Structure formats: C-alpha cells, structure tokens
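Me: I have a structure open and would like to talk through the words used to describe it. Could you show me how each term follows from its value?

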Amino acid sequence: LSAFRQREAVSAVGSSNMENDISLKFHQQLFLISENLVTEDVAALKFLCTDLLHLSKLEGVKSAADIFKLLMAQEYLNVEDTFLLAELLYKIKCHSLLEKLGYTKEKVQEHLSEKGRISPYRQMLYELSENITSVMLKDITFLLRDHLPKRCMILSALDLLTLLEKQGLLTKDNVKILEDVCMTVSPDLLKTIELYKKGKVLCCNIFSLPDVHTAAKLLKELGVLPSFCPTKMHKRRCGMLSSEEEGTPVDGVFYFNPRLDLNTYYKMDGPHRGFCLIINNVNFNNSQRKGSCKDAEQLERVFTWLGLDVRTYTDLMSGEIINLMETWQRVPDHKDRNCFICCILSHGKSGAIYGTDEISVPIRVLTSHFTAKQCPQLAAKPKLFFIQACQGDKIQCPVYVDTDGPTPDLSSMQERVFLSESIPEEADFLLGMATVDGYVSFRHMEEGSWYIQALCSKLKLLVPRGEDILSILTQVNEDVARRDSPSGTKKQMPQPAYTLRRKFIFPIPMAPPPS
C-alpha cells in the first residue's frame, strides 16, 4: 500500500509539472502576440471586446496583455480554448500571428459560424471605422458637435463611436445617427450599415420562406453572401450560391450569419460598378504592337459585360498618360462606384511602361494618383491595374510572336524595380503584371497577348462561378505558364501584387459571357 501511494504521489507531481509547462508555454505565446501588436491594434481589440468585458475594466487597458488577462479572468480565453483571441486577430487582420495559436486564416473562417463571439453590431461599427478617413472624421465630428462634450478629444473613428455609445446615441437597435452623418459625408459608408440592418431582418425572417430556392434568390437580390447548410451534411461556407447550382439539395436550410461576411468581401452591390480605363499604345516611332487592338477589344467586351463603364484611349505619349491619370483622379463620379480598373497595353521596362514617345512612366506614378489621399472618392474601394508590357530585356522572337519590350535603340541594361515598389503602400490595390520583373512578355501578332487573352478567358469562365479575383489570377498564371513560343523555347509567367484587404468578387452578370 505504501509503495502504491508513493507511485501515486510521483504521478501527481509529474502531472503537475506537465500542466505547469503547458501553462508557461501558453503565457509565452500570449506575451509574443502582445509584443507584436501596436497601439492601433490594441485600440481595435478594446473596441471589439466592448460587448464582452466591462467598460470600466477596458478603460484601464494599456497593452494587449492587459486585454488577455481580462479575457482569461472572464473565462473567454484559456489553454484549451483560444478561438476568441484567434477571432480577434483575424478581425484586425493580424493573420501572421494566428500561427502562434495553431490557427490559419482559413481555419478561423471555417469555425466562425459556430464559435464566433463578436457580435454583428460590433463588427459593423469596426468595419465602418476602418473606412472612415481622417477627413471624413473631421466632417462627422463637426456635424455631431451639438451631441458631443465640448472638450472631448477625438483622435480616431473608434473614439467617436465609443463616445456615441456611452451617451446612448448609438445602440445595436438604433443606428440612425450614423446613417444621418454618413448620408451627408460619404453615402458609400451607408452600405455597411444597410448590410447590418438587412442581416437583422434576415435572421428573423429567413426560415419563413417557402423553399430553399426562394431564400437563395432573396439573398442574392439583397446583395448578401449566404452560407448554406444542407441538413444531411456538415455546415460549410459557400461564397456564391445560385438557385440553379448543380447538386444543391432541396431539403437544405439557409442561415444568415453576418459575422461571416461583413469583413470578408468588398461591396460590389451598388447601382454603378465602376470605371475601366484601357490605354492601348500601338504605334511607336520604330515599331507597331500588332495584335494589341485584339487585346483592347477583348478587354472592352469583358469589362462591359461585368458592368463597368469602359473608356479606351489609343496611342498616348508619356505626358498624356500622366495627364489622363490626373484627370480621372479628380472625377467626382467615383463616389457612386464600387471599384476602379485600369488596363495598360504598351511596351515597358522594369517598373515602368512607355508612352508612344518612347519615354518611360513609372507604374508607381500611375497608381499613386488613386490613393485615398489623392482620390478620396475611391478610399477603401478596390483599385485594379492590369499591365501588359515587358519588364525586362527585349528578346528576338519568331514570326507571329513579338515582345512588348523597348524599341531597338533603347539599352537592354535597365535598373531593376521590385514589383512591390510599383503599388502604393496603403490598402486596396491590385497590380496584375503580364510577366515577372526582368523578363519579356509575349504577344501573338494576330490573336493578342498571352496574358490579356488568358485574363479575359478566365474572367468569362470563373466570374459566373463566383471566384474571387486572386483565384482567377492564379488560373491565369497556370494558363500562361503552359504556353510557349512556336520554337518551344520561350515561356512566360505573370505576377500579381496586391494590398487588398478583402476578397474581390464580381457580381455574376445576367447576360452570358461575350464570345
């Protein structure tokens, strides 16, 4: 008996040591996460936890570690369950820190519907704050001056929203004060509020619909991305769903969970999709880009089909290209559009494209005209640039295959520019390049360029399937990579770079794709 008790005591000590090791490792993980979060991240975490933790406790928070302690004290966070912290990191887009908790972005998305704790209301306010620029904040503060304390200091949109909640002017059931100021300052902000309100109605009424297909139709008309849960299968996310989707079980049940979609997709449900500029440089001093008109025609047909207002410009010199960007930067109609797209077909070199006067224009100069500071009407909206041009040395090509490189009298020794340097550092840009830096891109002299033809083909094929733009560009890469020149010795690989914060999905057009 004595020996048994001794073994039991040894076992208990070993178990205790193991628990201590696990606890130490857990607290080390929290410390590392806290050390990687900056002041703005901590402010965002505080705001997102407002419905979970007492406000008086949150006001004393100085660091992310303080928030973690409060969550643990309320048993929202422990060694066995770290999902709430993973959800918070996902919402503030600190995706690289998820791996410290054993999560990925996709894994968090998969479990949000069943484990998520951040309310749709709190998410809606946070998304709104992310889209309110400093100029908008000043305007909103001015409009609300009679509702705010005289000497209050408002440094951020989150500060303003918190203050309105403290005064009882803003609640989950009453967002009218936000609607009023957003209507005046930036009607685009209303889309986030409208989606939240639609979600509340759908949560109450969706199950009263007569059948699953009626539900799908309603959700699609409202511009809300549904989730689909067939009764005989596990719940799964479905980014786009039409009532005609093959294999959709009629005994399924639709459920709407606003927290799944609110921060995941760019808004593309406005009355106007956006402008699409096409710059098609064909005739240069010493060369002609044969086949480029085929590219321009295809781009015009495809983007018109996708609902954009397409404007095509032919044979622009370098100064004219810059002037055109400056003109479109100031177009007031951007405020009523969901996105902006610009396609440039020309010769090029590393980090630049050429005007027909054979003077180069840095791609960074072109994209910088549409930052939130330079073009506030496009703030928080996706800006997509597609560049069909060489980014390196000119290569002699066989008949019917030409290169979009510099003209013969230009030196092939060029300074290299990294692709990341061609897009602004701020969010919501995508730059689709026909080739990686330093290499030529190929254009068939009758059928058009490999890249643009693949891009148009994949847009026509995959937009009706609900694929997002990055998935489509991956397919474009695969298509172009399979091609080779008639000699079989020349290849090409496109390269996208982006600072998109959400998935960009074109709404499915009612008309069939253009031929």
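Reply: Happily; here are the terms one by one, and please keep in mind that this is a predicted model.

Me: Let's start with the whole chain. What makes up its secondary structure, and how much of the chain is buried?

Reply: The chain has 18 helices and 14 strands. Of its 515 residues, 50% are buried, and a residue earns that word with under 20% relative accessible area. About 24,900 Å² is exposed by the chain, with carbon and sulfur atoms supplying 52% of that area.

Me: Now the open sheet. Why are E4 and E14 said to stand at the edges?

Reply: The six strands come in the order E4-E3-E5-E9-E11-E14, and their pairing is mixed. Strand E4 (309-314) and strand E14 (495-498) each have a single partner strand, so each has one side without a neighbour in the sheet. From one strand to the next, the twist averages 10°.

Me: How do you know that E3 and E5 are paired?

Reply: Pairing asks for at least two bridges between two strands. Strand E3 (residues 272-280) and strand E5 (residues 337-345) are joined by eight bridges and run parallel, so they count as a pair. One bridge you can look up is that of Phe275, whose partner in E5 is Phe340.

Me: Which helix lies across E5, E9 and E11?

Reply: That is helix H17 (residues 450-462), which runs at about 140° to E9.

Me: Over to the helices, then. Why is H8 called oblique to H10?

Reply: Helix H8 (residues 134-143) packs on helix H10 (residues 176-185) at about 125°, and their axes are 10 Å apart. Roughly perpendicular covers 65 to 115 degrees and roughly antiparallel begins over 145; an angle of about 125° falls in neither class, nor under 35 degrees, so H8 is oblique to H10. The crossing of H8 past H10 is right-handed. On the H8 side the contact is made by Met136, Asp139, Ile140 and Leu143, and on the H10 side by Val181, Thr184 and Val185.

Me: Which residues of H9 are buried, and what do they pack against?

Reply: In helix H9 (residues 157-166), the buried residues are Ala157, Leu158, Leu160, Leu161, Leu163 and Leu164. They pack against helix H2 (39-48), helix H7 (120-131), H8 and H10.

Me: And what phi does Gly168 take, just after H9?

Reply: Gly168 has a positive phi of about 75°.

Key
Residues are numbered from 1 along each chain as its sequence is written. This is a predicted model: local features need pLDDT of at least 70, side-chain atom pairs count only at pLDDT 80 or more; totals for chains, interfaces and linings use all residues. Side-chain values use heavy atoms; hydrogens and water are left out. Helices (H or I, at least four residues) and strands (E, at least two) are DSSP runs, numbered from the N terminus. Buried means under 20% relative accessible area, exposed over 50%, partly exposed in between (1.4 Å probe, protein chains only). Accessible areas come from the Shrake-Rupley method with a 1.4 Å probe; for residues, only the protein chains shown count as cover. Axes are lines fitted to C-alpha atoms, for helices over the stretch in contact, and angles run from 0 to 180 degrees between N-to-C directions. Contact means heavy atoms within 4.5 Å. A crossing is left-handed if the near helix is turned anticlockwise from the far one by less than a right angle, and right-handed if clockwise.
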